[in-house]
Structure formats: C-alpha cells, structure tokens
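The following paragraphs offer a guided reading of a protein model for a reader who has not met it before. Please keep the sequence and the structure in view while reading.

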Amino acid sequence: MSAATIINAVNLQFSRLAPLVVFIFGVPGNIFNILIFIRPNLIKNPCSTYFFCSSLANLNVLFFGLIPRSLADGFGIDPVSNNLAFCRFRYFMVHPSVVLSSWFTILAGIDRYCISSRDVHRRQLSNLKYSRYISAITAFIGFAIYSHLLGLFVMQQLKTGPYCYALVGPYRVFYDFFYFATFSFTPPIIMIILGLLTYHNVRQTRSHIVPVVTNNTNAGQLKRRDRQLLKMTCLQFICVIILTLPIAVQKLYSTFTQNDVKGTTQVAIESFITILLRVFVYINASTSFYV
C-alpha cells in the first residue's frame with residue numbers, strides 16, 4: 001500500500017469524524033452564548049451586543065460552511081460544486097461571517113478598552129445605542145465588501161472533478177490576499193494592540209482607584225473584572241491567530257502553486273493539510289462559549 005493511499009484513507013476518516021465533533025460542540029455552544037447574552041442582566045450591556053452578533057456569525061459558519069464541506073470531503077456528496085448559484089450563496093454566507101466573527105470580537109475588545117479607561121469621556125463611548133448602530137453597520141460592510149464573489153466565483157474542472165472558487169487569474173490572487181487581510185492578518189494585529197492598551201488601563205486602575213461604571217460595584221471588583229477581561233482578550237487573540245492564520249497562508253500557497261506538477265503523495269499530504277486547516281477555522285467558530 002502506497003503512502004498516498006494511506007494518507008487518503010486517514011484523510012477520509014478525519015473528514016468524517018472531526019467535523020461531527022466540532023458541530024456537536026459548536027452549535028450548542030453558540031446557542032448557549034446567544035441565550036446568555038439576551039438575559040435581562042446582560043442584554044443592556046454594550047459588549048453583549050458584539051458577542052451576540054459574533055455568535056450569530058459563528059452559526060452561519062457552522063451551518064453553511066461546515067455541513068456542506070463535511071459532506072463533500074467525507075462522503076463525496078458535494079452540493080456546492082454541482083450548483084453555481086448555491087456555491088456563490090454559500091461562500092457569500094461563510095466568508096463574510098468568518099470575517100465578521102473576528103471583527104465583532106475586536107469591537108467587544110474596543111468596548112472593554114473604553115469601559116476600563118480612567119477617561120470619563122472614553123468610558124461614555126461604551127453604550128448600548130452605539131453598540132447596536134456599530135454592529136449593524138459592521139455587518140452591512142462585511143457582506144458588502146464580499147459581494148463581488150457573487151459574480152466572480154465560477155465552476156472549474158480539476159482532475160478530482162468540478163470545483164467552485166474564485167475565477168483563476170488576477171482575481172483569485174486578489175481574493176486570497178483580500179481574505180488573508182480581512183480575516184487572519186489585520187484582526188490579530190488589532191487584537192494584540194487592544195490587549196496592550198487594555199493592559200495599560202488595568203495597570204492604571206491598580207494604582208488609582210477610579211470608578212468606571214456608575215453603580216455600586218466596589219473598586220476591588222472592578223479591578224478583578226478588568227483582569228479577567230484582559231486574560232480573556234489575550235486568550236481569544238491566541239485562539240484566533242492560531243486557528244485562522246494557517247488557512248489563509250494555505251490559500252495563498254494553493255493559489256501560487258496551482259500550476260505546479262505534484263506527485264500523488266504530495267497531493268495527498270496537501271489535501272490532508274487543507275482539510276485540517278479548514279477544521280481549525282470551524283473550531284474557531286465553536287470555541288467562544290467554552291473560552
């Protein structure tokens with residue numbers, strides 16, 4: 001039995017089992033997130049608005065991204081590559097949602113940075129009205145900037161069969177760089193900057209007792225909350241960069257090597273890596289509740 005045959009066999013079993021596990025944990029996790037953030041004591045918190053929107057985006061990723069991809073990779077049932085309209089609709093739902101999930105997390109971080117500031121005017125930027133407007137505008141922009149794929153994603157005939165993706169040529173190179181920039185390059189950079197700025201705010205609150213919300217919570221509790229949020233921000237940043245950066249790099253590699261002659265073993269290895277990295281993206285859409 002050749003190495004390529006063994007790798008393909010492992011690939012097939014992994015494609016069947018891994019997405020199922022991610023789906024079982026991811027969908028309930030995001031539903032629990034939504035139920036938590038619409039509770040009366042949280043629904044009026046601006047940060048909850050961003051986490052609520054992020055959970056909705058994650059559900060989009062799991063239903064429109066994970067399920068069709070799992071059927072195609074694990075069971076040979078590919079509804080995407082057999083219907084151009086559904087292919088374009090699926091990518092239009094998945095890619096903007098993947099991007100928006102990260103950007104809603106960034107907005108939540110910005111809100112926490114503002115609320116932890118000693119500057120009263122900066123703290124006032126954290127309010128429910130602003131968060132709802134910003135969420136709606138962000139969602140509109142996220143889908144609008146990806147609307148070009150509705151006309152420029154096409155069916156292509158590969159050795160393995162029909163495949164739906166960005167039009168070969170300059171547009172594919174542009175799209176992969178665009179996806180890389182909006183999904184797995186810019187968000188992690190902004191997250192680490194926010195983490196550092198929030199850390200600076202927390203350091204200030206340790207040396208100056210300043211109330212950051214107009215309620216009866218004492219200074220010690222506020223410090224503890226700030227420290228928890230700082231840890232959560234850093235952990236979320238680590239999860240995002242580990243789980244999302246590799247797939248963007250892989251897409252760039254795939255685009256630049258699409259015309260190279262590759263052996264069967266190399267093709268099998270690259271196929272397994274691609275499926276593994278896709279699962280990473282779906283894990284990223286499934287872990288926020290557990291984090």
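In this predicted model, three helices each contribute at least two residues to the lining of the second largest cavity: helix H1 (3–37), helix H2 (46–75) and H9. The space in this cavity amounts to about 60 Å³. Its lining is made up of Ser15, Pro19, Leu66, Arg69, Ser70, Asp73, Ile275, Arg278, Val279 and Tyr282. Sorted by class, these residues comprise 5 nonpolar, 2 polar and 3 charged.

The wider search, covering the whole structure, finds 5 cavities of 30 Å³ or more. The largest cavity holds about 190 Å³ of space. It is lined by 13 residues, and those closest to its centre are Arg90, His95, Lys251, Arg278 and Tyr282. Two of these names have already appeared, since Arg278 and Tyr282 are also listed in the lining of the second largest cavity. The elements that provide two or more residues to the lining of the largest cavity are helix H3 (84–115), helix H8 (219–256) and helix H9 (264–284). Of the elements involved, H3 gives the most, with 5 residues. In terms of class, the lining of the largest cavity consists of 8 nonpolar residues, 1 polar residue and 4 charged residues.

Helix H8 leads on to another position. Leu245 has its place in this helix. Is Leu245 buried or partly exposed? Its relative accessible area is 28%, and Leu245 is therefore partly exposed, as the term covers values between 20% and 50%. Leu245 also has a partner that is distant in sequence: Ser184 lies 61 residues away along the chain, yet the C-alpha atoms of the two residues are separated by 4.8 Å.

The surface remains to be considered. Which residues form a nonpolar patch there? The patch is formed by Phe185, Ile189, Ile192, Ile193, Leu196 and Leu197, which together have about 530 Å² of accessible area. One of these residues, Ile189, is found in helix H7 (residues 170–207). Ile189 counts as partly exposed because its relative accessibility is 38%. That value also passes the cut-off for patch membership, which requires over 30% relative accessible area.

Conventions
Residues numbered from 1 in each chain as written. Predicted model: local features only at pLDDT ≥ 70, side-chain atom pairs only at ≥ 80, totals over all residues. Heavy atoms only, no water. Patch = residues over 30% accessible without salt bridge, like charges linked within 9 Å, V, L, I, M, F, W, Y side chains within 5 Å. Areas by Shrake-Rupley, 256 points an atom, 1.4 Å probe, with all protein chains shown as cover. Salt bridge = Lys/Arg side-chain N within 4 Å of Asp/Glu carboxyl O. Helix = DSSP H or I, 4+ residues; strand = E, 2+ residues; numbered from the N terminus. Buried < 20%, exposed > 50% of the residue type's maximum accessible area, 1.4 Å probe, protein only. 1 Å grid on protein atoms, 1.4 Å probe; cavity = no way out; pocket = protein on both sides within 12 Å on 5 of 7 lines; lining within 4 Å. Points joined across faces, edges and corners; volume = space filled by probe spheres on them. Nonpolar A, V, L, I, M, F, W, Y, C, P; charged D, E, K, R; others polar.
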